[in-house]
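Here are some friendly exercises on empty spaces and charged pairs. Try each task yourself before you read its solution.

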Protein chains: 2
Amino acid sequence: MKLDMKQPILDKNDALAAQLRQRFAENHVYVVDLLASPGSGKTSTILATIEALRDEFNIAVIEGDIASSVDAERIKAQGIPAVQINTGGACHLESAMLKRAVDVLDLERLDLIIIENVGNLVCPTDFDLGENAKVMILSVPEGDDKPLKYPGVFQISEAIILNKVDTMPVFNFNEEAFRASVMQLNPMAPLFPIAATKGTGVDEWATWLAERVRQA
Amino acid sequence: MKLDMKQPILDKNDALAAQLRQRFAENHVYVVDLLASPGSGKTSTILATIEALRDEFNIAVIEGDIASSVDAERIKAQGIPAVQINTGGACHLESAMLKRAVDVLDLERLDLIIIENVGNLVCPTDFDLGENAKVMILSVPEGDDKPLKYPGVFQISEAIILNKVDTMPVFNFNEEAFRASVMQLNPMAPLFPIAATKGTGVDEWATWLAERVRQA
């Protein structure tokens, strides 16, 4: 019964996502959708990514949050257009919400849109937003066992960012075990260990992303 | 339209939750439901709580996860009964899932059931499980801005645990700002700063919980 109620919502979502995908393609905009737990460093990763790519590309950010606009303010402070979506309690973005944000952006002028989804490792995985890629961030303090517990998000991600690697000595994070679990779930996805606030490892991730933005 | 579809699910959930609440009360079992992000230290907090209270009370644990049973195994290794619920993708526990777990426990013998909900700051807040209290855990690495971004879970919690306080020097966590935000959302809830894996601060939290278990 739960599935019966969910499917019509997903079908409607996916139809609108397909329209968005076409608009992005026509305007040669690459769209990446970042999924992560609360507090894993999504906004810091976005700020580091902007810093690495802003000379080459025109970038905008769409911020999804249950409430507040603190993240959008942090992005705007860097002189980058940012649109805040408040989901009003919903645990993920849907394509209808994204469309309203996209409508206020100048797609013709943009090369890259970074979406920061709601902090949640579960709900956003089901919802197509018309993006080119979903990319997930796990942060070291969350623990190396997360692929076992949240396999879905690891499976659907085109790339996996491991953030806060500078705190590995503080936490009991077994990188080898983590890599082995990720490899089982998603052998194709590159894994980028970074420390977003320190800039460590950001170049490799930015290079991967830039290659895709150029081809959009 | 989304609300129209959600309400019948919630009504059905709440009716079954009321039955569970009655069973808990008849058996003088206190039930606490722990909500937190992935990797905030729910299982470590449960292990520390068990250590503090196992001499006085008979305790059981119900573990909610999307997939895997690693958490239940950690609890069972301490000689405490643990029942694993795999939600098969759902981002929260519902009372129907909880009932199946409760049915295999010996309620007459128990004083305290600790529920570890699915790692998620959003979805579990709406679902009554018949518990006596929902208690949330935020961990320091998640950041002091989380009350602004996830107000709902702070508002419905009877107590708030701030875990991993030993890592405050590593992260830019402003405890004063955090306390002020929490105070705005939920002035009645006590705040327990702990470091579950080190045992720091666990006594205060365990004392608060023990008082309630004795009155159940």
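**Exercise 1.** In this predicted model, work out what volume the largest cavity has and how its lining divides by class.

*Solution.*
Step 1: The volume of the largest cavity is about 40 Å³.
Step 2: Look for its lining on both chains. From chain A come P38(A), G39(A), S139(A), P141(A), E142(A) and K164(A). From chain B come P38(B), G39(B), S139(B), P141(B) and E142(B).
Step 3: Sort these residues by class. You should find four nonpolar, four polar and three charged residues.

**Exercise 2.** Find how many cavities of 30 Å³ or more the structure holds, and describe the second largest cavity.

*Solution.*
Step 1: Two cavities reach that size.
Step 2: The second largest has a volume of about 30 Å³.
Step 3: Its lining includes P38(A), G39(A), K42(A) and D71(A) from chain A, and K146(B), K149(B) and Y150(B) from chain B.
Step 4: By class, the lining of the second largest cavity has six charged residues, along with two nonpolar and two polar ones.

**Exercise 3.** Decide whether D71(B) and K149(A) are buried or exposed, and state what their salt bridge joins.

*Solution.*
Step 1: Recall that side chains of opposite charge can pair when their charged atoms come close.
Step 2: Check the distance. D71(B) and K149(A) form a salt bridge with N and O 2.7 Å apart.
Step 3: Place the partners. D71(B) belongs to helix α3 (residues 70-76) of chain B and K149(A) to helix α5 (residues 146-149) of chain A, so this pair joins two chains.
Step 4: Apply the cut-off: buried means under 20% relative accessible area. D71(B) has 0% relative accessibility, so D71(B) is buried. K149(A) has 6%, so K149(A) is buried too.

**Exercise 4.** Say which class of exposure D103(A) and K99(A) fall into, and then look at the pair K149(B) and D145(B).

*Solution.*
Step 1: D103(A) and K99(A) form a salt bridge, with their closest N and O atoms 2.8 Å apart.
Step 2: D103(A) has 40% relative accessibility, so D103(A) counts as partly exposed. K99(A), at 30%, is also partly exposed.
Step 3: K149(B) and D145(B) meet in a salt bridge at 3.6 Å, N to O, and both residues are buried.

**Exercise 5.** Find how many salt bridges there are over all chains, and which residues R21(A) is linked with in a network.

*Solution.*
Step 1: The count over all chains is 26 salt bridges.
Step 2: R21(A) is linked with D33(A), D128(A), E131(A) and K134(A) in a network of salt bridges.

Technical notes: Residues numbered from 1 in each chain as written. Chains lettered and ligands numbered in written order. Predicted model: local features only at pLDDT ≥ 70, side-chain atom pairs only at ≥ 80, totals over all residues. Heavy atoms only, no water. Salt bridge = Lys/Arg side-chain N within 4 Å of Asp/Glu carboxyl O. Buried < 20%, exposed > 50% of the residue type's maximum accessible area, 1.4 Å probe, protein only. Helix = DSSP H or I, 4+ residues; strand = E, 2+ residues; numbered from the N terminus. 1 Å grid on protein atoms, 1.4 Å probe; cavity = no way out; pocket = protein on both sides within 12 Å on 5 of 7 lines; lining within 4 Å. Points joined across faces, edges and corners; volume = space filled by probe spheres on them. Nonpolar A, V, L, I, M, F, W, Y, C, P; charged D, E, K, R; others polar.
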